[in-house]
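Take a walk through this model with the viewer open. Begin with one helix, then move to the packing, the core and the loops.

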Amino acid sequence: MFFSVIRTIMAGQPVDLWQVTAQVLAIVFVILCILPLHEYAHGWVAGKLGDPTARLERRLTLNPLASVDPVGTVWLFLFGFGWAKPVPVDPRYFKKPKRDMAIVALAGPVSNLLAGLAGAVVMQAMRAFLTGGGVNAVTQFIYAVLNFYVLVNIGLAAFNLLPIPPLDGSRILGAFLSDRALATYYRYQNIFVMVMFMLLISGVFSMPLALVENAMSQALFWLAGLPFRLFGVL
């Protein structure tokens with residue numbers, strides 16, 4: 001996000017302030033509402049699978065003050081992906097710890113995709129019903145905010161699915177590893193984290209993440225527009 005804006009300014013190219021403002025509003029909304037939803041999804045699914053830890057520690061909440069992580073917030077503004085304070089999960093409560101941890105982990109990215117789908121539906125509704133005088137500077141700005149909101153959610157889902165500790169993808173991958181391999185995997189997680197940050201900053205992950213995000217975006221907008229196409233209004 002703003003990392004690309006900084007590079008644009010340093011290259012001497014113009015920056016669209018309206019677009020930047022739309023990005024800021026979308027990210028702020030994600031920080032206040034969607035990151036807490038992401039963590040709530042983890043805790044809620046864990047509770048359904050038998051782990052009451054999040055509820056007992058009062059982390060089963062949509063209050064952003066309980067979820068905001070300062071470093072993760074800065075990364076979200078700079079790069080378009082970040083993280084919140086993870087809800088506590090105790091796999092000892094699960095009947096099948098590795099499988100259930102994978103399900104709990106998957107709940108976070110799924111919540112982002114569902115939140116993004118809701119935004120995409122509103123965008124498609126605007127395309128279907130706002131015509132003529134309904135299209136003005138205000139509605140175009142709202143559309144831009146919604147577009148960035150959807151893209152940030154897609155970016156968060158793709159980022160969290162990376163199979164690198166402590167991201168959700170590592171928990172999903174863990175369901176397919178032997179106990180010995182899983183123990184080794186997490187023994188070196190600090191190294192994995194440092195390598196991941198270096199690769200993200202260097203841009204090595206940009207291409208594969210962009211491909212995943214593009215596929216998710218196409219699927220999300222196709223699904224969001226389906227009801228409108230069925231009724232012939234789009």
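The expected span of a helix is 1.5 Å times one less than its number of residues. Keep that rule at hand for helix 2. This is a predicted model, and every value below is computed from it.

Helix 2 runs over residues 17-48. How far apart should its ends be? With 32 residues at 1.5 Å a residue, helix 2 should span 46 Å. Its end C-alpha atoms lie 45 Å apart, so the expected and computed spans agree. Helix 2 also has a kink of about 45°, centred on isoleucine 31. After helix 2 comes glycine 50, with a positive phi near 110°.

Two residues of helix 2 make a useful contrast. Alanine 46 is found in helix 2. Is alanine 46 buried or exposed? Its relative accessible area is 1%, and buried means under 20%, so alanine 46 is buried. Cysteine 33 is also placed in helix 2. Its relative accessibility is 35%. That value lies between the 20% and 50% cut-offs, so cysteine 33 counts as partly exposed.

Both residues also serve as distance markers. Alanine 46 and glycine 225 are 179 residues apart along the chain, and their C-alpha atoms are separated by 32 Å. Cysteine 33 and leucine 173 are 140 residues apart along the chain, with 28 Å between their C-alpha atoms.

Now turn to helix packing. Helix 5 covers 97-129 and helix 6 covers 137-160. Their axes are 8 Å apart, and the packing angle is about 155°. Angles over 145 degrees count as roughly antiparallel, so helix 5 and helix 6 are roughly antiparallel to each other. The crossing of helix 5 past helix 6 is left-handed.

Helix 5 has another partner in helix 10, which spans 206-230. The axes of helix 5 and helix 10 come within 8 Å and cross at roughly 50°. An angle between 35 and 65 degrees falls outside the parallel, perpendicular and antiparallel ranges, so helix 5 and helix 10 are oblique to each other. Here helix 5 passes helix 10 in a right-handed crossing.

What do these helices enclose? In soluble globular proteins, nonpolar side chains tend to be buried together. The largest nonpolar core in this model has 40 residues. Val30, Leu76, Phe81, Val150 and Leu200 touch the most other members of this core. At least two core residues come from each of helix 2, helix 4 (70-79), helix 5, helix 6, helix 9 (189-202) and helix 10. Helix 6 gives the most, with 12 residues. There is also a second, separate core of seven residues, among them Ala41, Val45, Phe94 and Ala107.

The loops hold two backbone features to check. Most residues other than glycine have a negative phi, and most peptide bonds are trans. Arginine 58 is not a glycine, yet its phi is positive, at about 60°. Look for arginine 58 in the loop between helix 3 (53-56) and helix 4. Its relative accessible area of 74% is over 50%, so arginine 58 is exposed. Further along, proline 165 and proline 166 are joined by a cis peptide bond, with omega about 0°. Proline 166 sits in the loop between helix 6 and helix 7 (168-174).

Finish in the segment after helix 10, where glycine 232 is placed. Glycine 232 has a relative accessible area of 61%, and exposed means over 50%, so glycine 232 is exposed. From glycine 232 to leucine 78 the C-alpha distance is 40 Å, and the two are 154 residues apart in sequence.

Key: Residues are numbered from 1 along each chain as its sequence is written. This is a predicted model: local features need pLDDT of at least 70, side-chain atom pairs count only at pLDDT 80 or more; totals for chains, interfaces and linings use all residues. Side-chain values use heavy atoms; hydrogens and water are left out. A nonpolar core is a set of buried Ala, Val, Leu, Ile, Met, Phe, Trp, Tyr and Cys residues joined through side-chain atoms within 4.5 Å. Buried means under 20% relative accessible area, exposed over 50%, partly exposed in between (1.4 Å probe, protein chains only). Helices (H or I, at least four residues) and strands (E, at least two) are DSSP runs, numbered from the N terminus. The bend at a residue is the angle between axes fitted to the seven residues ending there and the seven starting there. Axes are lines fitted to C-alpha atoms, for helices over the stretch in contact, and angles run from 0 to 180 degrees between N-to-C directions. Angles under 35 degrees count as roughly parallel, over 145 as roughly antiparallel, 65 to 115 as roughly perpendicular and the rest as oblique. A crossing is left-handed if the near helix is turned anticlockwise from the far one by less than a right angle, and right-handed if clockwise.
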